[in-house]
Structure formats: structure tokens, C-alpha cells
Amino acid sequence: MTPTTQQQNPPIGENPIGEELAADLATAALGLARRFHAGATLWVVSPQWEPHAHHVAVEFVHPVIMGKRALPAVSLVEPDPVAQCRVATRPGDVILAVAAADEPDVLDIARRAAAWGTDTIWIGAGPRPPAGAATHVLWVDSNDPMVPATGRFVLLYHLLWELTHVVFEHPGLLAEDQPDAVCVTCGDEGRLAEVIASPGAAATTALVRTAGGEEHVDVSILESVAAHDLLVVHGGVALTRLDVPADPAER
């Protein structure tokens with residue numbers, strides 16, 4: 001299913017943006033504007049509906065209103081969006097997905113994003129993704145399977161684009177919030193890390209990627225570690241491995 005050129009709108013009298021979704025949009029726009037202000041690139045994926053990925057990227061890159069900034073955004077539409085995001089993203093970037101809650105590649109991207117240092121925005125409809133699956137969830141609470149082919153998704157990312165520029169008009173909003181406190185003993189917190197390369201047979205450290213960049217961590221308490229494993233790291237030590245579900249639909 002792909003977006004049609006004849007966009008269908010909600011019935012007259014139906015409000016396509018309720019109070020909850022409006023608040024979610026405002027929060028997402030604030031976070032996105034702050035990321036762009038700090039030099040981020042927006043990476044867009046939509047494995048089920050590729051035209052949406054192209055459309056979102058064009059919205060942010062093309063300054064259709066006089067005086068608005070052209071913002072760096074790229075659509076990723078190759079067969080393996082997880083691998084694409086892994087290679088393309090840098091800490092501080094944002095990944096925006098337009099997909100259903102059960103899309104396996106988007107679920108995998110969302111669970112790895114913290115290790116890559118990226119925020120995530122998830123636009124979709126129907127059953128919602130798990131709580132906390134993305135930094136920002138912009139959801140149409142409708143079970144109509146035609147929603148992705150109507151104007152509802154397009155309206156969401158048009159509003160996200162416009163509200164992001166509204167934030168730019170108020171520079172005082174662009175200051176980042178102060179980070180949460182970390183462990184007073186070791187100055188570290190439990191962080192997500194993705195293994196870059198498995199350690200050698202006799203090695204006790206592995207090279208991993210975290211939101212702060214690449215580093216070596218002690219993996220001696222784990223039975224085995226392989227490339228792309230997700231680890232929870234604290235004080236330079238990998239405490240546990242987060243297993244990827246065997247069923248792709250549950251990744």
C-alpha cells in the first residue's frame with residue numbers, strides 16, 4: 001500500500017489531531033529543532049510505504065516558505081534499513097520512521113537507537129508500539145487500514161515540519177535540558193552499547209558503540225559476545241546482553 005495522489009481527508013467534523021496527539025507533536029518538534037540546532041541530520045525510513053520516507057525528507061530539505069531553513073534530511077530506502085541506519089547515523093542525529101507498530105526493521109532500529117546516540121520519532125496508526133519504543137510517538141488512533149494511504153500521515157509530518165520551524169523562531173527554546181544525574185560512585189550510568197566486533201578468543205574486552213562514541217568495555221562476565229549484540233554497560237563493564245527475539249516480528 002502506498003500513498004495515493006488523491007489524498008483522502010477525514011470526514012467533515014472529525015478532528016484529525018486531538019489534544020493528546022497535538023501535545024505529542026509539540027514535544028517532538030521541540031526535540032527535533034534542538035537536534036537540528038546542534039547539527040543533527042534527520043534519517044527517514046518507511047519499509048512498508050517508501051513514498052512516505054521520500055516525502056518527509058523533501059519536506060525538511062526543501063524550504064518551501066520564504067525565510068525558512070533547509071534542514072538536512074535523507075530517506076533510507078534500501079532493503080536493510082537497520083544496516084543503513086547503523087552506518088549513516090552519528091550521535092545526536094534523529095531517525096524518523098513511518099510504519100506500523102509491528103514492522104520488524106523499525107522495531108529493531110528503535111531498540112538500537114540509544115546505542116547509536118540517536119533520537120527516534122515513530123509515526124503510525126492502529127495498535128501502538130510498546131511503551132518507550134521511541135523517543136517520540138505520533139500515532140493515529142484508528143484501525144482503518146487505509147490510513148497510510150490517506151492524508152493523515154502527511155498531515156502529521158507537515159505539522160511536525162511547521163512546528164519545528166516555529167521553535168526556531170524562539171531561540172530561547174533551543175537550549176538543551178540538563179542531563180540526568182549519574183552514579184556518584186563511578187560517574188557512569190547504565191548505557192546501551194552495540195558491539196562493533198566480537199572479541200578474540202582470549203580477549204576480555206570488546207569494541208562497542210554507545211551514544212558517546214566508540215569505546216572498549218570489559219565483557220569478561222558474559223559467556224559470549226558477537227557483533228551487533230546489544231549490551232548494558234556500567235562503569236566500563238558489560239553487565240548483560242539483551243537478546244534479540246528469534247521471531248523477526250518480535251525484534
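Q: Which residue follows α4, and what is the sign of its phi?
A: In this predicted model, α4 is followed by Gly117, and the phi of Gly117 is positive, near 80°.

Q: How do you know that the span of helix α4 agrees with its number of residues?
A: Helix α4 covers residues 104-116, which are 13 residues; at 1.5 Å a residue they should span 18 Å. The end C-alpha atoms of α4 are 18 Å apart, so the two values agree.

Q: Where does α4 bend, and by how much?
A: The bend of α4 lies at Ala110 and is about 30°.

Q: Why is α4 called largely enclosed by the rest of the structure?
A: A residue is buried if its relative accessible area is under 20%. Ten of the 13 residues of α4 are buried, and therefore the helix is largely enclosed. Among them are Val106, Leu107, Ile109 and Trp116.

Q: What makes the pair formed by Glu103 and Asp105 at the start of α4 a polar contact?
A: The cut-off for such a pair of N or O atoms is 3.5 Å. A side-chain oxygen of Glu103 comes to within 2.9 Å of the backbone nitrogen of Asp105.

Q: How do you know that strands β3 and β4 pair?
A: Pairing requires at least two bridges. Five bridges join β3 (residues 94-98) to β4 (residues 119-125), and these strands run parallel. In one of the bridges, Val98 has Ile123 of β4 as its partner.

Q: What makes β2 and β5 edge strands?
A: The open sheet has five strands in the order β2-β1-β3-β4-β5. Strands β2 (73-75) and β5 (136-140) each pair on one side only, and they are the edge strands.

Notes: Residues are numbered from 1 along each chain as its sequence is written. This is a predicted model: local features need pLDDT of at least 70, side-chain atom pairs count only at pLDDT 80 or more; totals for chains, interfaces and linings use all residues. Side-chain values use heavy atoms; hydrogens and water are left out. Helices (H or I, at least four residues) and strands (E, at least two) are DSSP runs, numbered from the N terminus. The expected span of a helix is 1.5 Å times one less than its number of residues. The bend at a residue is the angle between axes fitted to the seven residues ending there and the seven starting there. Buried means under 20% relative accessible area, exposed over 50%, partly exposed in between (1.4 Å probe, protein chains only). A polar contact is a pair of N or O atoms within 3.5 Å; within protein, one must be able to donate a hydrogen and the other to accept it, and residues adjacent in sequence count only if both atoms are side-chain atoms.
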